[in-house]
Amino acid sequence: FQTLKVFVAFLWVSSSNANEFLQNTYDSSSKNNKDDRRFLDEHEHEHEHDDDGDYTDFLENGSVQFEKCSSSTLSENGQYESSMSYWVTFSSTTENQCGDHCDHPGVVKQTHVIDIRSYLDIMAKYLTNLQEVECNACAMSCETAGVDCGSCMQECEYIENMEANGYLEATEFLNCEMIYDPEDDSRDPLYGGPYCVNDGQRIRIGLFVDEECTIRDENKFAEDYIFDSNGYSIKLSYALLKSLWEDDSSSFQCNAQKDENNNSWMSYLDDEEIESVLEESMEMCYALMKESQNVDHDDHDDHGDDSSEDD
């Protein structure tokens, strides 16, 4: 425990190291398509992102939280309802710790918009890595006498056996993947991609008729076209993505060490593993800032999808 405290203190001795690290490690080559970027280009706010050096307080003391999934019409289509672009609104909260020396002392909350694929790419990468480390820590804790590890083992076993139980992680279709190839028949191909449901409070994988996933076929469902190698139907699992909106407290700390939800398992990690978790949480927050636009609540007229689906 003493080693852990010394390590964390050392990591934050020089706060500029956080930005320097993320600048060198974050791959800014996002997978945005031109339709997703169109919304952000049209709604660029006069308050641009601060210089990289001004992210320091945010990376050390900030958090991010999903607020809403929204859509806008790109063009009307004769056969289908419309061609849509989807984006996510999320909030960032910074608890500045510099007292009277801060330009904005106290808690600073801002609203951001980002195209749906970039948001899900960033968050899915972080959540997948965090899930793997947490399951490894769970396995180690179960070897310690007196530790109740039933709940974490149950979740990790579910993840490990997902495919065998007829499920596929929904994150496989975040970037508009072909889900049905007609080959030699006369039908059109179908693509799986994310869209908004439950008035923007949830995100689901739907079927689209175009390779950019902007024109959704509302009469078809993705799970009706997904099969395993033996021809059995496969269901999509939203267990990973559900953590983005599971409840009002589903926020993610940029400094994973400060997330109380991580305390139970991070104590079983060594220094190198702790450093990796901290790096990934900072990278996640930094990536969201760099790929999004800072907006006010009334800067754009958006609407969530009226579709209603259960978790």
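Is Glu283 buried or exposed? Select Glu283 to begin the tour of this predicted model. Its relative accessibility is 16%, so Glu283 counts as buried, the cut-off for that class being under 20%.

**The whole chain**

Before going further, display the entire chain with its secondary structure. The chain comprises nine helices and ten strands. Of its 311 residues, 46% count as buried. Switch to a surface representation: the accessible surface amounts to about 16,800 Å², and carbon and sulfur atoms contribute 42% of that area. Among contacts with a separation of 6 or more, 68% are between residues 24 or more positions apart.

**First stop: Lys125 and Glu283**

Return to Glu283 and add Lys125 to the selection. These two side chains form a salt bridge, with an N to O distance of 3.4 Å. The pair joins distant parts of the chain, since Lys125 belongs to helix α5 (residues 116-141) and Glu283 to helix α9 (residues 271-291), with the two positions 158 residues apart in sequence terms. Lys125 has a relative accessibility of 48% and is therefore classed as partly exposed, whereas its partner Glu283 is buried. Side chains of opposite charge can pair when their charged atoms come close.

**Second stop: residues 216 to 220**

How many salt bridges does a search of the whole structure find? The search returns three. To view another, select Arg216 and Glu218. The closest N and O atoms of Arg216 and Glu218 lie 3.8 Å apart, and the two residues form a salt bridge. Arg216 is buried, at 12% relative accessibility, while Glu218 is partly exposed, at 45%.

Now select Asp217 and Lys220. Their side chains meet in a salt bridge with an N to O distance of 2.9 Å. Asp217 is buried, with a relative accessibility of 4%; Lys220, at 31%, is partly exposed.

**Third stop: the negative patch**

Move next to Asp270, Asp271, Glu272 and Glu275, and colour the surface by charge. Together these residues form a negative surface patch. Within this group, Asp271 is located in helix α9, the helix that also holds Glu283. Asp271 has a relative accessibility of 31% and so counts as partly exposed.

**Fourth stop: Asp259**

Select Asp259, which occupies the loop between β9 (251-253) and α8 (263-266). Is Asp259 buried or exposed? Its relative accessibility is 11%, so Asp259 counts as buried. Which residues are in contact with Asp259 once its neighbours within four places in sequence are left aside? They are Ser251 and Gln253. Add Ser63 to the view and draw a line between the C-alpha atoms of Ser63 and Asp259: the separation is 9.3 Å, although the two residues stand 196 residues apart along the chain.

**Last stop: Val113**

Finally, select Val113 in strand β3 (residues 107-115). With a relative accessibility of 1%, Val113 counts as buried. Add Lys68 for a closing view of the chain path. Val113 and Lys68 are 45 residues apart along the chain, and their C-alpha atoms are separated by 9.5 Å.

Key. Residues are numbered from 1 along each chain as its sequence is written. This is a predicted model: local features need pLDDT of at least 70, side-chain atom pairs count only at pLDDT 80 or more; totals for chains, interfaces and linings use all residues. Side-chain values use heavy atoms; hydrogens and water are left out. A salt bridge is a side-chain nitrogen of Lys or Arg within 4 Å of a carboxyl oxygen of Asp or Glu. Helices (H or I, at least four residues) and strands (E, at least two) are DSSP runs, numbered from the N terminus. Buried means under 20% relative accessible area, exposed over 50%, partly exposed in between (1.4 Å probe, protein chains only). Patches are made of residues with over 30% relative accessible area and no salt bridge: like charges are joined within 9 Å, nonpolar side chains (Val, Leu, Ile, Met, Phe, Trp, Tyr) within 5 Å. Accessible areas come from the Shrake-Rupley method with a 1.4 Å probe; for residues, only the protein chains shown count as cover. Lys and Arg count as positive and Asp and Glu as negative; His and the chain ends are not counted. The place of a charge is taken as NZ of Lys, CZ of Arg, CG of Asp or CD of Glu. Contact means heavy atoms within 4.5 Å.
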